[in-house]
Amino acid sequence: MNFDLEKIGINTEERYECIYTTVDDKGNKNSAAIGLKYFGGDNIGCRIFEGSKTLENIQKTGKYVVNITQDPLVFTKSTISKLPDEYYTNDKDMAILKDAGSYIIVNVVDIQETKPENTPIDNDQSIFLIKGKIEDVIINDDNVKAFNRGLSGLIECLVNFSRYQIVDDDKRAAYMDRVIENERMIGRIGDKQTKDAMQIIKREYEKN
Ligand SMILES: Cc1cc2nc3c(=O)[nH]c(=O)nc-3n(C[C@H](O)[C@H](O)[C@H](O)COP(=O)(O)O)c2cc1C
């Protein structure tokens, strides 16, 4: 089946930051910020580290909801804890954010345990690659697009570059570290334009 995810800013090239909502076997709702990769058609995927409540719920129920939002408080509260009940719709068997611009209901088809590669995380934790099939996409507001953090990383490098000549050596080294990390991140999740822009600004840093 085909879904028009372009409408909510999702293509197969990039990776997006979304809020995943799940329920446990007692009906308790949970939320967490997790990345999303779209493979086209009804195929969707994510990678979740061992130990998260989201992973546990997905393993038990085989279902999750991807909420598309750009609300900073929803991202923050979901990351440090979980969202209070008033953020959810009244659905009993599914956790859905009331104010999400849109949401995607996903059924899990495959879960594979692996060890992380190409991430800055330096321990022995497993990561679980979760493949799912989209059951439905509900769009409440197509002005709310899925968030891709490539542009945030690029803008950070541009702002730092505008100060590069007037800061001390320690700060310059810190800015260069941010260039290296943002280049890595954009290489993995950004679109072509952001990747090209990152190469341009990196060359400028190297000249100065
Ligand atoms: C923007 C953002 C994206 C994230 N993406 C992922 C991800 O793709 N996979 C993952 O395992 N953790 C990711 N995290 C970290 C989880 O959100 C975090 O570990 C969270 O505490 C898990 O909550 P849970 O135990 O309720 O599932 C991300 C965090 C943020 C802020």
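How many of the nine residues of E1 are buried? Select E1 (15–23) to find out. Eight of the nine are buried, so E1 is largely enclosed by the rest of the structure. Buried means that 20 or more other C-beta atoms lie within 10 Å of a residue's own; exposed means 12 or fewer, and partly exposed is in between, with C-beta atoms placed from the backbone. Strands (E, at least two residues) and helices (H or I, at least four) are DSSP runs, numbered from the N terminus.

Before moving on, note what is on screen. This is a predicted model, in which local features need pLDDT of at least 70, side-chain atom pairs count only at pLDDT 80 or more, and totals for chains, interfaces and linings use all residues. Residues are numbered from 1 along each chain as its sequence is written.

**Stop 1: the neighbours of E1**

Add E2 (29–40). E1 and E2 pair in the antiparallel sense over nine bridges. Two strands pair if DSSP finds at least two bridges between them. Click Cys18: opposite stands Ile34 in E2. The two strands form a hairpin with five residues between them. In the turn, Gly27 has a positive phi of about 90°.

Now show E4 (63–68). E4 pairs with E1 in the antiparallel sense over three bridges. Thr21 has Val65 in E4 as its bridge partner.

**Stop 2: the barrel**

Select six strands in the order E1-E2-E3-E6-E5-E4. They close into a barrel with antiparallel pairing. From one strand to the next, the twist averages 45°. Look at E3 and E6 (residues 127–139): seven bridges join them in the antiparallel sense. One pair to click is Arg47 and its bridge partner in E6, Leu129.

**Stop 3: the helix across the strands**

Select H1 (53–61). H1 lies across E1, E2, E3, E4, E5 and E6, and runs at about 60° to E1. Axes are lines fitted to C-alpha atoms, for helices over the stretch in contact (C-beta atoms, placed from the backbone, within 7 Å). Angles run from 0 to 180 degrees between N-to-C directions.

**Stop 4: the ligand**

Which residues are closest to the ligand? Among the 16 that surround the ligand, they are Ala32, Ala33, Gly35, Ser52 and Thr54. E2 gives the most to this shell, with five residues.

**Last stop: Ser81**

Find Ser81 in the loop between H2 and E5. Ser81 is exposed, with 11 other C-beta atoms within 10 Å. Its C-alpha atom is separated by 40 Å from that of Arg203, 122 residues apart along the chain.

Note on methods
Near = placed C-beta within 6 Å. Contact = placed C-beta atoms within 7 Å.
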